[in-house]
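Student: Could we go through this protein together, one question at a time? I would like to see how each answer is reached.

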Amino acid sequence: MLSENARTSHAAAVSSFLGRNRHIKVVATDEKLAPVVGRVLSRARRGSADHVDATVVATAVRSSVSGAVIATSDADDIEHLLDASGFPRVDVLALT
């Protein structure tokens with residue numbers, strides 16, 4: 001989520017990276033995504049504290065882009081949500 005990144009010292013570097021890599025798709029969230037996020041949270045038995053990670057998962061699985069990849073520093077949480085969701089598998093790139 002770019003909103004979480006905006007409050008870190010890496011915000012400028014991430015913005016620059018996204019500007020140079022046009023094949024990376026940044027997707028806006030909307031009310032159509034909410035039921036998918038809720039389903040991810042419900043199936044994983046997680047609460048609203050995990051809504052950001054669930055939004056990332058829901059966005060990736062709903063995306064029409066084949067070969068979607070989630071790049072995250074929370075790989076374990078994302079993997080858990082993906083596994084529990086029952087949605088098609090999305091690749092996860094762990095960032096350190």
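Student: Is Arg46 buried, partly exposed or exposed?
Tutor: Keep in mind that this is a predicted model. Buried means under 20% relative accessible area and exposed means over 50%. Arg46 has a relative accessibility of 28%, so Arg46 counts as partly exposed.

Student: Which residue does Arg46 meet in a salt bridge?
Tutor: Look for a carboxyl oxygen within 4 Å of a side-chain nitrogen. A nitrogen of Arg46 lies 3.5 Å from an oxygen of its partner. That partner is buried, with a relative accessible area of 18%. The residue is Asp50.

Student: How many salt bridges does a search of the whole structure find?
Tutor: We have just met the pair of Arg46 and Asp50. Arg62 also forms a salt bridge, with Asp30. For the whole structure, the search gives 2.

Student: How many residues apart are Arg62 and Asp30?
Tutor: Their closest N and O atoms are 3.7 Å apart. Arg62 is partly exposed at 38%, and Asp30 is partly exposed at 34%. Arg62 sits in helix 4, while Asp30 is in the loop between helix 2 and helix 3, so the pair links distant parts of the chain. Along the sequence, they are separated by 32 residues.

Student: Which residues of helix 5 are buried, and why do they line one face?
Tutor: Imagine looking down the axis of helix 5: its buried residues fall within an arc of 130°, so they line one face of the helix. The face turned away from this buried side carries the exposed residues Asp76 and Asp83. The buried ones are Ala75, Ile78, Leu81, Leu82 and Ser85.

Student: What do the buried residues of helix 5 pack against?
Tutor: Helix 5 covers residues 75-85, and Gly86, with a positive phi near 80°, follows helix 5. The packing partners of its buried residues include both helices and strands. They are helix 3, helix 4, strand 1 and strand 2.

Student: Which element gives the largest share of the largest nonpolar core?
Tutor: This core has 17 residues, and Val57, Ile70 and Leu82 touch the most other members. Helix 3, helix 4 and helix 5 are the elements that give two or more residues to the core. The largest share is 6 residues, and it comes from helix 4.

Student: Which residues of helix 5 does Ile70 touch?
Tutor: Leave out residues up to four places away in sequence. The contacts of Ile70 then include Val56, Val57, Ala60 and Val90. Helix 5 runs over residues 75-85, and the contacts of Ile70 in that range are Ile78 and Leu82.

Student: Is Val36 buried or exposed?
Tutor: Val36 is in helix 3. Not counting residues up to four places away in sequence, Val36 touches Ala58 and Phe87. Its relative accessible area is 12%, and the cut-off for buried is under 20%, so Val36 is buried.

Student: How far apart in space are Gly38 and His51, C-alpha to C-alpha?
Tutor: Gly38 is in helix 3 and is partly exposed at 34% relative accessibility. In sequence, Gly38 and His51 are 13 residues apart. In space, their C-alpha distance is 8.3 Å.

Student: Which residues form a nonpolar patch on the surface?
Tutor: One member, Ile24, is in the loop between helix 2 and helix 3. Ile24 counts as partly exposed at 32% relative accessibility. Together the members have about 250 Å² of accessible area, and they are Phe17, Ile24 and Val26.

Key: Residues numbered from 1 in each chain as written. Predicted model: local features only at pLDDT ≥ 70, side-chain atom pairs only at ≥ 80, totals over all residues. Heavy atoms only, no water. Buried < 20%, exposed > 50% of the residue type's maximum accessible area, 1.4 Å probe, protein only. Helix = DSSP H or I, 4+ residues; strand = E, 2+ residues; numbered from the N terminus. Arc of directions from axis to C-beta. Contact = heavy atoms within 4.5 Å. Patch = residues over 30% accessible without salt bridge, like charges linked within 9 Å, V, L, I, M, F, W, Y side chains within 5 Å. Areas by Shrake-Rupley, 256 points an atom, 1.4 Å probe, with all protein chains shown as cover. Core = buried A, V, L, I, M, F, W, Y, C linked by side-chain atoms within 4.5 Å.
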